[in-house]
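Biologist: Got a minute to go through this model with me? I'd like to start with the inside.

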Amino acid sequence: MRETNTLGLCSENMLIFGGGAGGGGRPRISESNDIPVELLLRIISLVHDPTVVVASGVRHGWRDAISWGITHLSLSWCKKNMNNLVLSLVPNFTILQVLILRQDTPELQDNAVETIASYCHDLQELDLSKSFRLTDQSLYALAHGCLDLMNLNISGCSAFSDMALAYLSGFCRKLKILNLCGCVKAATDIALKAIGFNFNQLQSLNLGWCDHFGDDGVKSLAYGCPDLRALDLCGCLLITDESVIALANNCLHLKSLDLYYCQSITDRAMYSLAQSQLKNKHETWNSPKNMDEGLTNLNISQCTALTPPAVQALCDSFPALHTCPGRHSLIISGCLNLMSVHCACAVQAHRAAVVLPHLAH
């Protein structure tokens, strides 16, 4: 019969960590205190996360090495009992900077996040995506325990409210990357105004499929987050040209913008983006090393009100936007009237295809 440790992991999988019932003359490293901490740290750095979890369940040498040496941990491989695993492990991982808890089947509960907030005060990146069972209590805990967060993924956490998100923004002010995709209740004008006020270092924000906010919320982002580089607004049905104009005028470092299915967007927004590039070039004319190439990715699929002249003007303003095969960074699917829009390299390729047959003759 195979022995299991307190984490429910089979001791036959412990390999060099020992911890089994003995026999066969196998070295039981877990019972030795003679291994230098530096060597334990090196071993820990070379093994996969599931093995690290096993090591945390054996004797003090391994637990100390983990406590001192593990800064990145992913438990996404855990398909069952993730909540209990987090409750058991987190007190041993007090210097974690990155913790990935992405789930296929939602199991995490508020007590797990509260434990993380109590022990992992150095945490900079946390992925709680698809944790449908979490409530506002988790955000309140993070607000008080994880002030150094820079990257937070709570996509699909549909129970969070806008008030809890606004509360979090008042404490975790170092945040640079925030994923709110599908957080319909949390992503409202109230929350976006708080984000714009508090997250002035924000560089990437995903608001995909959140349809409870409009232009007021996006304008607050544009005014308060001038360093924004990537913004996903796909399926945000309430926004209009006013949102895009505010972004174009204030977020001059914007590189990626997703407007999929934002059907209230018109040519006015496209011309505003094109003009923003001219403004950016003018402001950086004396500092060419600071020149920003502007938009490199734009999704305007299903934006059926747009016309070819406006989108072509945009494409001409941003050379990094491509319509050519294999480099689609300007996505226009579902807009049959935009099929005539082409990037510069696509035009050059077409000209070459026309000229070469004549040269051959």
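Biologist: Which helix gives the largest share of the lining of the largest cavity?
Modeller: That's H11, with 4 residues. Keep in mind that this is a predicted model.

Biologist: And how much space lies in the largest cavity?
Modeller: About 100 Å³. The structure holds 1 cavity of 30 Å³ or more.

Biologist: Which residues are the closest to its centre?
Modeller: Of the 12 that line the largest cavity, those are Cys 251, Leu 252, Leu 254, Ser 276 and Phe 318. The elements giving two or more residues to the lining are helix H10 (241–250) and helix H11 (267–283).

Biologist: What's the lining like by class?
Modeller: It has 8 nonpolar and 4 polar residues, with no charged ones.

Biologist: OK, zooming out. How many helices and strands does the protein chain have?
Modeller: There are 13 helices and 10 strands. The chain has 361 residues, and 48% of them count as buried.

Biologist: What share of the contacts with a separation of 6 or more comes from residues 24 or more positions apart?
Modeller: 75% in this chain.

Biologist: Now the largest nonpolar core. Which members touch the most other members?
Modeller: Leu 207, Leu 233, Leu 259, Met 270 and Ile 300, out of 93 residues in that core.

Biologist: Take Leu 207. What is it in contact with, leaving aside neighbours within four places in sequence?
Modeller: Its partners include Leu 180, Ala 187, Leu 192, Phe 213, Leu 221 and Leu 231. Leu 207 is also in contact with Asp 232, Leu 233, Cys 234 and Cys 236.

Biologist: Cys 234 caught my eye there. Where is Cys 234 found?
Modeller: In the loop between strand S7 (230–232) and H10. Cys 234 counts as buried because its relative accessible area is 8%, under the 20% cut-off.

Biologist: What does Cys 234 touch, not counting residues up to four places away?
Modeller: Leu 207 again, plus Gly 208, Trp 209, Asp 258 and Tyr 260. Its C-alpha is also 6.2 Å from that of Tyr 261, although the two are 27 residues apart along the chain.

Biologist: Switching to H6. How many of its residues are buried?
Modeller: 7 of its 10, so by the under-20% rule H6 is mostly covered. The buried ones are Asp 136, Ser 138, Leu 139, Ala 141, Leu 142, Ala 143 and Gly 145.

Biologist: What covers those buried residues?
Modeller: The cover includes helix H5 (110–119), S3, strand S4 (151–153) and helix H7 (162–169).

Biologist: What about the loop between S3 and H6? Is Ser 131 buried or exposed?
Modeller: Buried, with a relative accessible area of 0%. Ser 131 sits in the loop between strand S3 (125–127) and helix H6 (136–145), and it touches Gln 103, Leu 108 and Cys 157 if you skip residues up to four places away in sequence.

Biologist: And what's the phi of Lys 130?
Modeller: It's positive, about 70°, although Lys 130 is not a glycine. Most residues other than glycine have a negative phi. Lys 130 is found in that loop between S3 and H6 too, and it is partly exposed at 39% relative accessible area.

Biologist: Which residue has a phi near 60°?
Modeller: Asn 81, again a positive value in a residue other than glycine. Asn 81 lies in the loop between strand S1 (72–74) and helix H4 (82–89), and it is partly exposed, with a relative accessible area of 48%.

Biologist: Next, Ser 329. What does its side chain reach?
Modeller: The backbone oxygen of Thr 296, at 3.4 Å. Ser 329 is placed in the loop between helix H12 (308–317) and strand S10 (330–331), and at 8% relative accessibility it counts as buried.

Biologist: Which residues does Ser 329 touch, again not counting residues up to four places away?
Modeller: Thr 296, Asn 297, Leu 298, Ala 320, Leu 321 and His 322.

Biologist: Last one: where does Thr 188 lie?
Modeller: In the loop between strand S5 (177–179) and helix H8 (189–198). Thr 188 is buried at 12% relative accessible area. Beyond four places in sequence, Thr 188 touches Asp 162, His 212 and Phe 213. From Thr 188 to Asp 216 the C-alpha distance is 9.7 Å, with their positions 28 residues apart in sequence.

Notes
Residues numbered from 1 in each chain as written. Predicted model: local features only at pLDDT ≥ 70, side-chain atom pairs only at ≥ 80, totals over all residues. Heavy atoms only, no water. Buried < 20%, exposed > 50% of the residue type's maximum accessible area, 1.4 Å probe, protein only. Polar contact = N/O pair within 3.5 Å; in protein donor to acceptor, adjacent residues only side chain to side chain. Contact = heavy atoms within 4.5 Å. Core = buried A, V, L, I, M, F, W, Y, C linked by side-chain atoms within 4.5 Å. 1 Å grid on protein atoms, 1.4 Å probe; cavity = no way out; pocket = protein on both sides within 12 Å on 5 of 7 lines; lining within 4 Å. Points joined across faces, edges and corners; volume = space filled by probe spheres on them. Nonpolar A, V, L, I, M, F, W, Y, C, P; charged D, E, K, R; others polar.
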